[in-house]
Amino acid sequence: MISTLFYTTKQGIVNIFKNKWFSLASVATISACLFLFGVFYTIILNFQNIVKTAEEGVSITVFFDEGTTEERMAEIKELIAKRAEVRQIDFISADEAWESFKDEYLGEYQDGFTENPLADSANFEIYLNDVSMQGALVTYLESVPNIRQVNRSEVTANTLSGFNLLISYISAGIIVILLAVSVFLISNTVTIGISVRKEEIGIMKYIGATDFFVRAPFVIEGMIIGALGAAIPLTAIYILYAKVVEFLGERFSVLTGIMTFLPIEVVFENLLPISIGIGVGIGFFGSFTTVRRHLKV
Amino acid sequence: MALERRRKKQKQKAEDVVILDHVSKAYSTGAPALDNVSLRVKKGEFVFIVGDSGSGKSTLIKLLLKELNPTSGTIIVNGQDLGRLRRRKIPKFRRGLGIVFQDFRLLKDRNVYENVAFAQRVIQAPIRDMRKAVPAVLSLVGLAGKYKAKPRELSGGEQQRVALARALVNHPSLILADEPTGNLDPKNTKEIMKLLEDINDRGATIIMVTHNREVVNEMKKRVITMKKGVIVSDEKEGEYLDD
């Protein structure tokens with residue numbers, strides 16, 4: 001059994017070199033498809049990250065009725081924090097609000113004030129899990145006693161959540177189309193490669209080879225080709241990604257604040273297993289099913 | 001008396017390597033390829049099957065290999081009822097047969113040794129057994145010195161000897177040869193027939209489909225003549241009949 005396993009693996013590797021044009025064509029097809037897939041995946045992931053970062057900056061500000069005690073404010077904070085929409089809630093005291101205002105707007109003229117003009121401006125800054133939930137939360141906040149005013153950024157929230165949804169739909173569409181094209185192209189290439197060796201499969205079957213014995217070298221060959229077809233675009237994307245990020249950073253330095261690119265490690269966390277899975281999987285199933293057609297001798 | 005008769009029948013059955021009982025084979029188009037054929041081949045026999053193209057010879061070989069299933073009737077090969085043989089058991093069944101084709105059917109990219117060893121690999125023979133069996137069978141067919149050659153470097157006769165070595169290496173009890181001399185010149189034909197005769201003398205049963213009149217008439221073996229899917233004659237020391 002071990003010698004059979006060793007033999008079939010060896011045959012699989014030998015076949016790759018023996019049919020080098022077929023192997024090259026297969027690797028190139030898989031590489032091209034997975035490269036496109038990888039590029040789209042990387043762009044989409046970064047887009048989503050940019051949108052998410054922008055979303056995280058969106059906040060709701062809550063002001064209280066005059067004379068609301070600190071105990072009551074703590075109660076309200078606890079109520080709000082329990083809501084599913086809320087990611088983070090920060091308390092800004094009246095003094096902190098005045099300090100921030102002074103620094104931002106008054107500069108050298110701030111010394112003229114002896115009392116805090118924003119004495120009733122203690123507030124909560126609420127950050128959301130998902131901007132699309134803003135409307136529901138605002139309605140709730142407006143119903144809570146002692147809350148005087150709720151400030152929100154409706155336009156930004158709607159635009160961002162809509163944009164994010166659009167990107168998700170487009171990306172899902174592109175990825176599905178790319179995968180379908182990959183499977184079609186690759187199974188076609190594998191079919192042509194195996195049809196050439198139909199005679200060889202027939203001889204093996206006449207001699208009394210089991211389906212496993214006939215199939216194993218082809219499947220191993222398919223899996224190695226698939227793995228190579230995944231490794232090449234992954235390497236290319238790894239190298240190109242750093243260069244593109246560097247280029248965009250230099251060329252569009254104005255946008256540095258808006259465009260925050262993910263580190264390559266984060267992109268590869270999913271891209272690496274998905275690409276290898278698709279490559280090896282297509283190699284496996286492509287050769288497995290194509291050989292099956294020729295096994296009925 | 002009845003017991004004795006049953007024993008005799010059982011003994012006879014054990015001696016029969018091939019039994020065809022009222023076998024018919026019809027393809028989806030045209031006339032039947034085999035029409036109600038019955039025959040028995042005993043262990044150690046050398047049988048020629050002759051007939052024109054379309055007489056049903058090749059269909060018969062395909063049925064014996066279980067490449068095809070009969071439309072009706074029973075086929076027993078090496079004690080195995082092929083009608084009851086499951087698909088996954090076919091490889092094991094075929095390992096008990098040695099098969100030789102007109103077009104040799106060698107693996108073109110492998111050398112002589114590997115082509116013969118392939119039949120041993122298929123049955124998962126241990127490597128050390130393979131290292132003994134392959135050279136032994138190659139010297140039997142006179143190709144010990146050419147074990148490294150690729151099929152394209154060999155003559156037709158040599159290629160057929162490799163195919164014969166591959167068919168013999170697992171010591172099959174039955175050899176099915178489909179026009180084994182069809183692509184050979186008279187000299188090589190003679191050599192292959194001599195080899196087949198030697199193998200037969202060692203106890204193997206041989207069923208050979210052929211068109212070659214000289215070979216059949218020279219060998220003085222059993223000859224089954226087929227015409228339009230029917231056996232028209234079955235002679236013990238027969239000759240190639242004219243139409």
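What covers the buried residues of helix H4(B)? I shall take that question as the starting point for this presentation. Please bear in mind throughout that the model is a predicted one.

The covering elements come from both chains. Chain A contributes helix H1 (2–18), helix H7 (198–207) and helix H8 (211–251), while chain B contributes helix H5 (127–140) and helix H6 (156–168), and these are included in what covers the buried residues of H4(B). H4 itself spans residues 112–122 of chain B, and ten of its eleven residues are buried, so the rest of the structure largely encloses this helix. The buried set consists of Val112(B), Glu114(B), Asn115(B), Val116(B), Ala117(B), Phe118(B), Ala119(B), Gln120(B), Arg121(B) and Val122(B). The list includes Glu114(B) and Arg121(B) as well as Val116(B) and Phe118(B).

Let me turn to the two ends of this helix. At the N-terminal end, Asn111(B) acts as a cap, with a side-chain oxygen placed 3.2 Å from the backbone nitrogen of Tyr113(B). Beyond the other end, just after H4(B), Gln124(B) adopts a positive phi of about 55°.

Since helices of chain A take part in the covering of H4(B), I now move to the interface. Chain A and chain B together bury about 2,000 Å², and carbon and sulfur atoms account for 56% of that area. In chain A, the residues that lose the most area to chain B are Tyr7(A), Tyr206(A) and Ile207(A), together 35% of what that side buries. The contact draws on 20 residues of chain A and 21 residues of chain B.

Which side chains meet in a salt bridge? They are those of Arg87(B) and Asp211(A), at 3.0 Å from N to O. The count between the two chains is one salt bridge. As for polar contacts across this interface, six residue pairs are found, with both residues at pLDDT 80 or more. On the side of chain A that touches chain B, H1, H7 and H8 of chain A each supply at least two residues. H7(A) gives the largest share of that side, namely seven residues. By residue class, the side of chain A that touches chain B comprises ten nonpolar, four polar and six charged residues.

Next, the chains themselves. Chain A has nine helices and four strands, and from the N terminus on its elements follow the order α-α-β-α-β-α-β-α-β-α-α-α-α. Of its 297 residues, 41% count as buried. Among the contacts in chain A with a separation of 6 or more, 85% are between residues 24 or more positions apart. For chain B, the secondary structure amounts to eight helices and ten strands. Here 51% of the 243 residues count as buried, and residues 24 or more positions apart make up 69% of the contacts with a separation of 6 or more.

Within chain B there is an open sheet of four strands, in the order E2-E1-E4-E5, with antiparallel pairing. Strand E2 (34–42) and strand E5 (80–81) stand at the edges with a single partner strand each, so one side of each has no neighbour in the sheet. E5(B) is joined to strand E4 (residues 72–77) by two bridges, and the two strands run antiparallel. Val77(B) is found opposite Gln80(B) of E5(B).

The edge strand E2 of chain B also holds Asn36(B). Phi of this residue is near 55°, a positive value in a residue other than glycine. Is Asn36(B) buried or partly exposed? It counts as partly exposed, at 44% relative accessibility. A second case is Glu179(B), which has a positive phi of about 50° although it is not a glycine. Glu179(B) lies in the loop between strand E7 (174–178) and helix H7 (186–201) of chain B. At 11% relative accessibility, Glu179(B) counts as buried.

I close with a residue of helix H6 of chain B, Gln160(B). H6(B) is among the elements that cover the buried residues of H4(B). Gln160(B) is itself buried, at a relative accessible area of 0%. Leaving aside residues up to four places away in sequence, Gln160(B) touches Val100(B), Phe101(B), Gln102(B), Phe104(B), Pro180(B), Leu184(B) and Ile192(B).

Key:
Residues numbered from 1 in each chain as written. Chains lettered and ligands numbered in written order. Predicted model: local features only at pLDDT ≥ 70, side-chain atom pairs only at ≥ 80, totals over all residues. Heavy atoms only, no water. Buried < 20%, exposed > 50% of the residue type's maximum accessible area, 1.4 Å probe, protein only. Contact = heavy atoms within 4.5 Å. Polar contact = N/O pair within 3.5 Å; in protein donor to acceptor, adjacent residues only side chain to side chain. Buried area = accessible area lost by both parts, 1.4 Å probe. Salt bridge = Lys/Arg side-chain N within 4 Å of Asp/Glu carboxyl O. Nonpolar A, V, L, I, M, F, W, Y, C, P; charged D, E, K, R; others polar. Pairing = 2+ DSSP bridges.
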